[in-house]
Amino acid sequence: MDAKIVLLPGDGIGPEVVAEAEKVLNAIASTFGHSFDMPRFPMGGNAIDSHGDPLPDETLEACLASNAVLLGAVGGPKWDDPNAKTRPEAGLLRIRKEMKLFANLRPIRTYSALLASSPLRPEIVEGVDILFFRELTGGIYFGPSGRREGENGEEAFSEMVYSTSEVERIVRLAAAAAQNRKGKLTSVDKANVLEVSRLWRQTATKVVNEEFSDLKFDHVLVDAMAMHLISRPGDFDVVVTGNLFGDILTDEGSMITGSMGMLPSASIGSDGPGLYEPIHGSAPDIAGQGIANPLATILASAMLLRHSLNLEEEASLIEKAVDDVLAAGHRTKDLARGGASLSTTEMGAQVLAALNQA
Ligand code: NAD
């Protein structure tokens, strides 16, 4: 396969972790006979410095013309001035909008070798493997909002709005993913209180009944889901929900694994390139020290191969290599709990070695 994968290393530890993922993608390309063209483009704080814009036109054009985009992280204290004309995060919001990325995928997977890192008991987190689909471009974050004079003085409002087509398209993506996993889909809403959730539930039910009747499908209220995620996370397979509920539940879920440096995410649309990144930020406190954990970005590159290039075997191979490296006891500083630790490049080299042995 010939593919163009745009690399947006970004700021802080972004370039350090993207460099390791790039090596892994090159290794996969040479093993399987693919050709990956991987140009780098500026984005975030570094792009503000060089172009006065966190998402320069040339970067956006390259992303739109690619098969997939791999992002490190953006931001840092240098660009934090609230009075600045623009900020790195503005580039992130814009790229998601321009690429029409309405679904955010977050796998929450525990690794047997890292069970002790979880704040939950090992018997609760052992074997957890959830794939969250969070709607990303609708709901309360994008509905009408403002301030007005009310009977008791100033008041503010933010409206949660979803159309049937917005619900249909994300439920379809989530349901299709569930068919390739354990065949179980859970839709999360607040249908006992919110009209918008009643439309969500009615639409999700219709899509699944008409197009995915082979799935085990259920609805869970968001407050109950917050409890289930902690008490019985192992019971879930694919979970689909709206923007606000997904924002909160995915952060709660990420703590189950106990380590930010391990978690990738993907943002995808109906067609066109997807955007893949680690969930962590640019970690300015450790940038330049060569100690960042590259595994989340390496796992994001596996998601890229699976969801944008349809290369399931290659994606699984990377995930297995990461499993093997952890099982062999290799740790970066964030995972080492005071024990011996590897540098960013040493950890990347261990993943490459594990790939070669597979
Ligand atoms: P952060 O995720 O960058 O860091 C939080 C803590 O986790 C830090 O102690 C950091 O050292 C550690 N950490 C994060 N990733 C790590 C890794 N791969 N290996 C080892 N340790 C790791 O969050 P923050 O400190 O709140 O934010 C720093 C900057 O990143 C801010 O400017 C923020 O706006 C930005 N940010 C960007 C994104 C993104 O690009 N998508 C996401 C979140 C935060």
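This is a short tour of a predicted model, with stops at its ligand and at one helix. Residues are numbered from 1 along each chain as its sequence is written, local features need pLDDT of at least 70, and side-chain atom pairs count only at pLDDT 80 or more, while totals for chains, interfaces and linings use all residues. Side-chain values use heavy atoms, leaving out hydrogens and water.

**Stop 1: the ligand.** Select the ligand and the 19 residues around it, meaning those with a heavy atom within 4 Å of it. Which come nearest? Look for Val 74, Glu 89, Gly 281, Ala 283 and Asp 285. By class, this shell has nine nonpolar, six polar (Gly counts here) and four charged residues.

Now show the backbone and check some polar contacts (pairs of N or O atoms within 3.5 Å). A polar backbone atom of Gly 281 sits 2.7 Å from a ligand oxygen. For Val 74, a backbone N or O atom is 2.8 Å from a ligand oxygen, and for Gly 76 that distance is 3.0 Å. Alone, the ligand exposes 810 Å², and the protein buries 68% of that (Shrake-Rupley method, 1.4 Å probe).

**Stop 2: helix α3.** Next, select residues 57-64, which form α3, a DSSP run of H or I with at least four residues. Which of its residues are buried (under 20% relative accessible area, 1.4 Å probe, protein chains only)? They are Thr 59, Leu 60, Ala 62 and Cys 63. These lie on the same side of α3 because they cover an arc of only 165 degrees around the axis, taken from the directions from the axis to the C-beta atoms.

Turn to the other side and you'll find Asp 57 and Glu 61 exposed (over 50%).

Notes: Polar contact = N/O pair within 3.5 Å; in protein donor to acceptor, adjacent residues only side chain to side chain. Helix = DSSP H or I, 4+ residues; strand = E, 2+ residues; numbered from the N terminus.
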